[in-house]
Amino acid sequence: MKTTIDNIYNKSRRQDEKKLKIWKYAGLMLTYKCSAACEFCYYHCSPQKKGLMPIKTAIEIWQSLTMMAGDRALVHITGGEPFLYFDHMLELLRKASEAGLKGPDHIETNASWATGTSVIKKRLKALDQAGMNLLKISFDPFHAEYISRENVIRLAETAKAILGPDKVLIRWEKHLQPPCCPDDNCNREDLYRKALQVEPCRFTGRAARTLAGLVADKTIEQLKEYSCHQTYLDTKGVHIDPYGNVFSGLCSGIIVGNVIERPLHEIWQAFDPDTHPFISMLAKGGPAGLIDSAEALGYKILPAYASKCHLCTDIRQFFFDIGEHKSIIGPWDCYT
Ligand code: SF4
Ligand code: SF4
């Protein structure tokens with residue numbers, strides 16, 4: 001198990017200075033492929049996207065996280081829609097159990113596959129036996145554009161009966177009541193605006209491209225006061241995509257390392273937000289710290305942004321489109 005002092009940034013901090021937290025959770029993004037293409041998606045997932053995390057890679061991440069955080073290590077399985085590769089996911093859980101690893105904290109799904117009770121029962125029983133702790137069903141007005149409410153209700157009710165109510169979570173259950181676009185004859189933009197007022201949104205990925213404009217009310221001057229130093233230090237975990245790219249917390253599309261090249265615990269040990277070639281700019285000056293170099297290459301500042309993450313994603317999208325900072329801004333799936 002690692003201690004904070006094992007990280008290179010923490011080693012040079014004074015005792016009273018804030019340290020980089022040990023990563024305790026890892027979201028294994030089994031695939032970028034999804035049965036939906038929600039406007040809210042942080043990762044630009046859709047039916048056209050690809051990728052499938054090899055079982056060997058997933059197990060190595062799991063082991064590495066456990067090496068770092070011990071009993072506090074929490075792995076969850078996400079996507080894309082992981083149930084599109086159900087057999088692969090089940091095999092992963094079985095292999096993890098054989099390797100002596102703790103079962104996944106939760107598995108996320110959008111319920112698109114839950115079209116009948118027999119398939120639900122069969123799959124959930126198998127996952128339960130393989131060690132799944134919690135089934136997390138995503139639902140809100142953004143998901144409702146692609147996924148029927150009936151599927152979500154069917155999955156939730158069957159899951160509660162099989163797994164027990166404590167092992168099923170719908171995020172967010174309140175949206176199961178109308179109005180919930182598009183079948184409730186409501187105005188799509190109004191519903192989105194209302195949902196954005198209630199639910200937190202980072203405005204990264206597709207959310208930055210399609211939703212942020214609905215609530216953009218901050219000028220670049222107002223965003224200059226936000227840095228991301230604290231965000232990087234306080235983040236308790238990572239998301240890892242099917243190709244092994246590691247993203248700190250929910251900062252999708254900013255690659256801090258790749259587990260195919262070096263194990264996760266070594267990436268954490270070597271991660272220094274103050275010296276990293278790209279992240280240091282975000283850490284010191286927030287996304288506004290990227291503006292000068294972006295403008296020099298032709299970036300045009302928008303009249304308003306929804307948040308610092310909207311600004312960050314908009315500039316990164318610009319860099320991605322012109323092929324700048326290629327090893328850090330990617331992969332393709334996150335930006336197209
Ligand atoms: S938010 Fe979830 S369900 Fe929607 S496109 Fe992204 S991964 Fe798929
Ligand atoms: S501004 Fe960028 S680096 Fe900072 S928290 Fe948002 S996505 Fe992450």
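**Exercise 1. What covers helix α3**

Find what covers the buried residues of α3, and check whether the helix has the span you'd expect.

*Solution.*

Step 1. Start with the vocabulary: helices (H or I, at least four residues) and strands (E, at least two) are DSSP runs, numbered from the N terminus. You're looking at a predicted model, where local features need pLDDT of at least 70 and side-chain atom pairs count only at pLDDT 80 or more, while totals for chains, interfaces and linings use all residues. Residues are numbered from 1 along each chain as its sequence is written, chains are lettered from A and ligands numbered from 1 in the order in which they are written, and side-chain values use heavy atoms, with hydrogens and water left out.

Step 2. Pick out the buried residues (under 20% relative accessible area; exposed is over 50%, partly exposed in between; 1.4 Å probe, protein chains only). In α3 these are Phe86, His88, Met89, Leu90, Leu92, Leu93 and Ala96.

Step 3. Now look for their cover, using contact (heavy atoms within 4.5 Å). It includes helices α2 (55-69) and α4 (117-129), plus strands β2 (74-78) and β3 (106-109).

Step 4. Here's some helpful background: an α-helix has 3.6 residues a turn, so residues three or four places apart point the same way.

Step 5. For the span, take 1.5 Å times one less than the number of residues. Helix α3 (residues 86-98) has 13 residues, so it should span 18 Å, and its end C-alpha atoms are indeed 18 Å apart.

Step 6. Look just past the end of α3: Gly100 takes a positive phi of about 80° there.

**Exercise 2. Helix α5 and one of its residues**

Do the job again for α5: which residues are buried, and what do they pack against? Then zoom in on Ala159 and list its contacts.

*Solution.*

Step 1. Helix α5 (residues 149-163) has 15 residues and reaches 21 Å from first C-alpha to last, close to the 21 Å expected.

Step 2. Its buried residues are Arg149, Asn151, Val152, Leu155, Ala156, Thr158, Ala159 and Leu163.

Step 3. Those residues pack against β3, α4, β4 (135-138) and β5.

Step 4. Ala159 has a relative accessible area of 0%, so it's buried. Leaving aside neighbours within four places in sequence, Ala159 is in contact with Leu124, Leu135, Gly164 and Val168.

Step 5. One of those, Gly164, follows α5 and has a positive phi, near 100°.

Step 6. Now try a residue further along the chain: Ala159 and Leu191 are 32 residues apart in sequence, and their C-alpha atoms are 29 Å apart in space.

**Exercise 3. Gln317 and a partner along the chain**

Find where Gln317 sits and which residues it contacts beyond its sequence neighbours.

*Solution.*

Step 1. Gln317 is in helix α13. Its relative accessible area is 12%, so it counts as buried.

Step 2. Skip anything within four places in sequence, and you're left with contacts to Arg209 and Tyr335.

Step 3. Take Tyr335: 18 residues separate it from Gln317 along the chain, yet their C-alpha atoms are 6.5 Å apart.

**Exercise 4. Odd backbone angles**

Look at His44 and Ala111: what sign does phi have in each, and are they buried or exposed? Then find where the cis peptide bonds before Trp172 and Pro331 lie.

*Solution.*

Step 1. His44 isn't a glycine, but its phi is positive, near 65°. His44 belongs to the loop between β1 (25-29) and α2, and it is buried at 3%.

Step 2. Ala111 isn't a glycine either, and its phi is positive too, about 75°. You'll find Ala111 in the loop between β3 and α4, buried at 0% relative accessibility.

Step 3. The bond from Arg171 to Trp172 is cis, with omega near 10°. Trp172 is in the loop between β5 (168-171) and α6 (188-198).

Step 4. The bond from Gly330 to Pro331 is cis as well, with omega near -5°. Pro331 is in the loop between α13 and α14 (332-335).
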